Amino acid sequence: MKLKTKLTLFNALSKLVIVTIFVALLPTLIKIINQNYTDAKLRKQKDKLLQIINVQGIKNYSDASYYTPLKEDYVSIGVDSSIEFLDTIQNEKRLIQGDTIEYRILSHNFNAEHKKYLMEIAISVDAITETTRPLQNIAFQVLLGMILLTIMADQVYSNYVLRPLGLIIKTKLIGHKFPNFGSYDKVKTSTSDFEYLDISIHKMIETIESTFQKEREFISNASHELMTPISILQSKIENMFEQEDFSDEVKTRMLEMQKILNRLKSITKTLLLISQIENEQFLKEDSLPLAELIQEVYDEISIRLQDKNIGFETAIPANWQLAKVNKFLLFNLFFNLINNAVKYNKENGSIHVVAHNEHDIFSVSIIDTGIGIGESEIPFIFNRFKKFRQSLSQDSFGLGLPIVKSIAEFHQIKIEVTSKKDTGSTFKLNFPPGFIKIG
Amino acid sequence: MNVLIIEDEKALAAELEIFLTKYNYICEVCYNGATASEKIGINLYDFILIDLGLPDYDGLDLLKEAKKHNPDAVCIILTARAEVYDRIKGLDLGADDYLPKPFSLLELQSRMQAITRRKFGLKQNLIDLGGFLINLTDRTISYYNSEVNTITKKEFDLIAYLILHKNRTLSRSQLSEHIWGSIINDDYDSNYIDAHIKNIRKKLNTFAPPDWLETVRGLGYKIKINS
């Protein structure tokens with residue numbers, strides 16, 4: 001889940017919880033407030049009444065009840081014979097003209113003219129609750145409005161604050177062919193954490209990039225530098241063959257030297273080729289029919305097929321045209337794959353080169369009936385100098401598939417490998433759009 | 001024929017000189033661009049072999065000078081740089097061929113011969129080998145007026161290379177380098193030369209036994225031509 005989504009969710013949820021709690025508490029709160037207010041009002045009325053009685057004398061009011069026709073409140077004063085002195089406010093029911101109504105009643109005993117009186121001041125509970133409902137509604141609406149406002153504000157602000165992070169992820173981490181990072185565009189932000197993150201990512205990628213670059217340069221330089229000494233040695237050996245006065249035994253040993261020198265030469269040339277491909281020193285300007293290229297590979301390789309009596313069949317439409325490729329490199333890609341299919345094949349085995357077109361996604365599979373590759377080994381077969389399969393007939397130094405990989409990457413071809421031990425392997429080349437033109 | 005060898009690696013220059021002298025070329029060697037430039041300005045050569053990586057001179061500049069003062073000379077670039085860009089530029093500037101180091105001396109000689117044939121339009125290159133008439137220009141083999149048309153391109157390449165270096169034993173490595181040299185793969189000891197030779201013998205045998213194609217036990221193959 002994205003950080004922004006998480007924050008938004010948390011914000012909304014926390015506010016929802018607050019609203020729920022508040023809404024649950026609201027009736028009780030309003031009730032308490034209302035009651036306090038009513039009680040205060042009753043006490044004020046009591047004080048006023050006592051004052052009036054004091055001034056005017058009790059006789060005008062003894063044994064009197066006053067209420068409005070709506071019976072929302074009443075005041076009564078009467079002689080009280082009980083012993084205790086009351087001064088309470090509580091809810092009680094009273095029967096007035098046949099109606100039983102619940103009142104909030106202030107009861108107060110007082111003495112006047114040597115008699116004990118009881119004064120009751122009451123407001124009906126209904127009248128009180130009538131005001132609580134609108135109060136509750138208003139409170140609820142105001143609350144809701146404020147919550148919505150804060151959610152919106154949170155959303156806008158977190159959007160604003162998190163935008164640099166999104167930019168860093170989008171422009172620096174996603175969709176970049178690692179480690180080809182390109183130039184450094186600073187992400188604008190006033191948040192120092194993001195600034196730090198941006199710079200750190202950039203520095204790390206730069207370090208990785210320069211390490212890769214150094215490795216490539218090293219391989220390129222080393223193989224170049226090795227070319228001249230190899231060249232000298234090769235010339236010397238070749239000239240020595242001309243000398244008649246060497247015994248055959250010496251000549252055989254010179255032949256061994258020549259073979260070993262050839263091996264050194266192949267390794268160096270291959271490494272140089274890989275580094276040249278990785279440094280993009282090849283052009284992609286050739287166009288030719290795929291079937292023709294495979295035929296050329298076949299011409300080179302037929303002697304090897306013959307040697308092991310391996311069948312070779314192709315199913316490639318004649319109108320498949322390779323567009324904007326490097327022929328030399330693609331030839332070497334197919335040569336190495338088919339050569340491997342021969343090398344790791346069994347006597348009387350077979351090789352199929354089959355083209356597929358699934359909804360204009362073009363691919364070619366090279367299927368052999370060879371010794372196969374163990375499942376655990378497949379992820380490593382493209383690594384340099386890794387030799388997993390023991391070739392049956394000849395030696396190699398483990399650079400065949402690395403060449404294939406470099407050339408494939410240079411042309412944006414994806415390689416899928418499936419294999420079963422002792423049954424065979426399939427190397428499927430998935431071509432990028434535009435690689436094959438039908439024509 | 002006169003050859004100017006421009007190569008700053010003295011050991012390599014020496015080997016080039018020894019080899020080409022044996023093939024009856026008259027060689028002059030210089031180890032730096034300045035002397036080479038001087039020589040190009042004064043003398044006329046049939047071949048100029050230029051190493052691109054000279055310490056004091058850009059090899060491509062030398063090539064330009066050579067084209068100016070020695071317009072008829074065959075210029076071959078020898079380089080360890082092997083950059084695609086250099087190759088294109090070298091050929092653009094009029095180099096006749098381009099050999100990346102490390103190259104085989106035999107390869108150099110066969111290129112020099114091929115260019116000579118092409119450039120000077122030499123008369124049809126016909127070689128008679130025990131009744132087989134081999135035409136190096138048209139790349140055909142015939143036996144008393146009937147054409148041997150079963151020979152493949154690769155097989156002819158092998159025969160032609162052996163003829164070019166006649167009476168000399170060529171090792172399997174040298175032969176494979178010639179016919180598979182441009183392919184980059186990771187086999188370093190392929191024995192398919194034997195299979196090719198076997199095929200060639202079988203095909204020619206239907207006409208006459210090709211005794212001139214000799215196996216030199218343990219060393220390689222050679223074609224014997226008595227001149």
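**Exercise 1. Place A:Q412 and B:N167 in their loops, and decide for each whether the residue is buried, partly exposed or exposed.**

Solution. Start with chain A, where A:Q412 sits in the loop that runs between α7 and β11 (414-420). This is a predicted model, and in it the phi angle of A:Q412 is positive, at about 55 degrees, although the residue is not a glycine. Next, count the neighbours: 13 other C-beta atoms lie within 10 Å of A:Q412. Because a residue is exposed at 12 or fewer such neighbours and buried at 20 or more, A:Q412 falls in between and is partly exposed.

Now turn to chain B, where B:N167 belongs to the loop between α6 (153-164) and β10. B:N167 also has a positive phi, near 65 degrees, and is likewise a residue other than glycine. Its count is 12 C-beta neighbours inside 10 Å, so B:N167 is classed as exposed.

**Exercise 2. Find which elements of chain A build the largest nonpolar core, and where this core lies with respect to the domains.**

Solution. First set out the domains of chain A, which are domain 1 (3-134), domain 2 (192-278) and domain 3 (286-438). The largest nonpolar core holds 45 residues, and the members that touch the most others are A:L330, A:F334 and A:I338. The elements that contribute two or more residues to this core are α4 (248-278), α5 (290-308), β8 (320-325), α6 (327-343), β9 (350-358), β10 (361-368), α7 (400-410) and β12 (424-430), in chain A. Among these, α6(A) gives the most, with 10 residues. Since domain 2 and domain 3 of chain A both supply residues, the core lies between them.

For a closer look, take A:L330, which touches A:L293, A:L322, A:V325 and A:I407 when residues up to four places away in sequence are left out. A second core, separate from this one, has 33 residues, including B:L16, B:L54, B:L62 and B:V74. As a general background, nonpolar side chains tend to be buried together in soluble globular proteins.

**Exercise 3. Identify the strands that pair with β8(A), and name a bridge partner in each pairing.**

Solution. On one hand, β8(A) pairs with strand β6 (residues 286-289) of chain A in the antiparallel sense, over three bridges. In this pairing A:P289 stands opposite A:Q321 of β8(A). On the other hand, β8(A) is joined by three bridges to strand β13 (residues 436-438) of chain A, and these two strands also run antiparallel. Here the bridge partner of A:L322 is A:I436 in β13(A); A:L322 is also one of the residues that A:L330 touches.

**Exercise 4. Work out the strand order of the three-stranded open sheet in chain B, and explain which strands stand at its edges.**

Solution. The order is β10-β12-β11, with antiparallel pairing. Consider the partners next: β10 (170-171) and β11 (213-216) of chain B each have a single partner strand, so one side of each is left without a neighbour in the sheet, and both stand at the edges. The pairing of β11(B) with strand β12 (residues 220-223) of chain B is antiparallel and extends over four bridges. Within the pairing, B:L213 is found opposite B:I223 of β12(B).

**Exercise 5. Describe the side of chain B that touches chain A, by element and by residue class.**

Solution. Begin with the extent of the contact, in which 35 residues of chain B meet 45 residues of chain A. The elements of chain B that give two or more residues to this side are α1 (10-22), α5 (105-120), α7 (172-180) and α8 (192-205). Of the contributions, the largest share comes from α1(B), with seven residues. Sorted by class, this side of chain B comprises 18 nonpolar, seven polar and 10 charged residues.

Finally, weigh the description against the confidence scores: the model has an ipTM of 0.85 and a pTM of 0.71. Chain B averages a pLDDT of 87, and 95% of its residues score at least 70.

Technical notes
Residues numbered from 1 in each chain as written. Chains lettered and ligands numbered in written order. Predicted model: local features only at pLDDT ≥ 70, side-chain atom pairs only at ≥ 80, totals over all residues. Contact = placed C-beta atoms within 7 Å. Nonpolar A, V, L, I, M, F, W, Y, C, P; charged D, E, K, R; others polar. Core = buried A, V, L, I, M, F, W, Y, C linked by C-beta atoms within 7 Å. Domains from an automatic or database assignment. Pairing = 2+ DSSP bridges. pLDDT = per-residue confidence, 0-100.
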